[in-house]
Amino acid sequence: MKDTYSITKKACYISYTVQAIAVNIAPLFFVILRKRYGLSFTELGSLVLFIFLTQLCIDIASIKIIDRLGFRYTAIIANATATLGLILMGVLPQIIPILPALLISSFLYSVGAGLIEVVINPIVEALPNENIGSTLTLLHSFYGWGQACVILISTIILYLITDEFWHLIPILWAFIPFMNVLIFFRVPIIEAKSDNQKHSSDILKKPVFVLFLIIMLCGGSTEMVIAQWASYFAEAGLGVNKVAGDLLGPCIFGLMMAVGRTMYSIFGKRIHIFKALTICSFVAFLSYIGITFISNPIIVMLCFALAGISSSLLWPGTLAASSLTIKNGGTAMFALLAFAGDAGCSLGPWINGVVNDLVLSNACLQCLNAIGFSPEESALRESILATALFPLLMLIVLFIVPKVNKNK
């Protein structure tokens, strides 16, 4: 029976790689988009905000879409829209102004990424599994592995073809979701209807669940701020070249996040999830502080790695903790948690971009100039410091949860 669905699982793993491509492809070109096309930090941050706002809308609409179309055709549409969006990201900048081109293409591949996030988990859950917890954690690890591969391979290709031909890279990556469309037409899938044990209004009445929504929002923001801005920070803030910036920034971050999730899928039963989340949020906060104030590039890169491994459990760990604390939460609970996580993924990078521009436009705010950083580097570091409030808030809320939760 397991062998029957092995290709189905592989298609699901590839889908999470497709999601990693969709989320991480635009930030790889932030330096090029700023220098070549003159986009501001706020416009770059707003692009990330737009990507995740699109996914937020899909989180809300996807339940009805899945009920109407089923798992198979939803997965096919998800990979197909991701394919089209990546192709247009390479084509449209040659035809129309850069910002509309990026918004149109990112909308399409974000629709695909949002549908993948909602439909792939229940597909895997419906398959025969000995340990569904380990299987789902392994599934999520493919996002991290995909992120590392996307950054590594794209950086090498960009080095070989130069910045002038950057638009060819998204077209090359479109091959993966296109092949996955063909695979999902053929693989066996166990169709199942969504099971809403509780309504959203019922769950939102639980104070402990509201706390989990805050934790999820903070976790999404903590993960995505570094993932989205590490490349630009390494290049503009530390003065390394494009290749080194991508490899030493977001690539290390994604690799460490993948390692953390993979290790948790193997040894997770031995670690109390609340303790793991508390430790990870604290370490993430320390890594943000290190990135802000440390000037040594090697130590800063180690902080990026530390941020990656500490962020690895924040999203899947919060899902697991919520499931343990709130029994029979059903689809509504996980949909709301996904909504909160994507909201954090939108809010954190956007705040980072706004703070960057605010500090650059006001010399009085460039506090780190006093210790030897340039204005742009000061702005980058202070924006990281501002978003360090997210892992700190997560840490505080995690200490409150046991006091609010009556079923300890």
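Buried means under 20% relative accessible area. All views show a predicted model.

**View 1. The chain as a whole is helical, with 16 helices and zero strands.** The protein chain has 408 residues, and 56% of them are buried. About 16,700 Å² is exposed, 70% of it supplied by carbon and sulfur atoms. Among contacts with a separation of 6 or more, 84% join residues 24 or more positions apart.

**View 2. Tyr37 and Trp166 form an edge-to-face aromatic pair, one of five aromatic pairs by the ring-centre rule.** The centres lie 6.3 Å apart, with 80° between the planes. Tyr37 sits in helix 2 (residues 30-37) and Trp166 in the loop between helix 5 (132-161) and helix 6, so the pair ties together parts 129 residues apart in sequence. Trp166 has 0% relative accessibility and therefore counts as buried. Tyr37, at 29%, counts as partly exposed. Phe29 joins Tyr37 and Trp166 in one aromatic cluster.

**View 3. Phe212 and Phe274 form a tilted aromatic pair.** Their centres are 6.3 Å apart and their planes 45° apart. Phe212 belongs to helix 9 (residues 207-237) and Phe274 to helix 11 (residues 273-293), so this pair links parts 62 residues apart in sequence. Both rings belong to buried residues.

**View 4. Ile87, Val91, Ile95, Phe165, Leu168 and Ile171 form a nonpolar patch on the surface.** Together they have about 470 Å² of accessible area. Helix 3 (41-91) and helix 6 (168-173) each supply at least two residues of the patch. Ile95 lies in the loop between helix 3 and helix 4 (98-126). Its relative accessibility is 60%, so Ile95 counts as exposed.

Key:
Residues numbered from 1 in each chain as written. Predicted model: local features only at pLDDT ≥ 70, side-chain atom pairs only at ≥ 80, totals over all residues. Heavy atoms only, no water. Patch = residues over 30% accessible without salt bridge, like charges linked within 9 Å, V, L, I, M, F, W, Y side chains within 5 Å. Areas by Shrake-Rupley, 256 points an atom, 1.4 Å probe, with all protein chains shown as cover. Salt bridge = Lys/Arg side-chain N within 4 Å of Asp/Glu carboxyl O. Helix = DSSP H or I, 4+ residues; strand = E, 2+ residues; numbered from the N terminus. Buried < 20%, exposed > 50% of the residue type's maximum accessible area, 1.4 Å probe, protein only. Contact = heavy atoms within 4.5 Å. Phe/Tyr/Trp six-rings, centres within 6.5 Å; stacked < 30°, edge-to-face > 60°.
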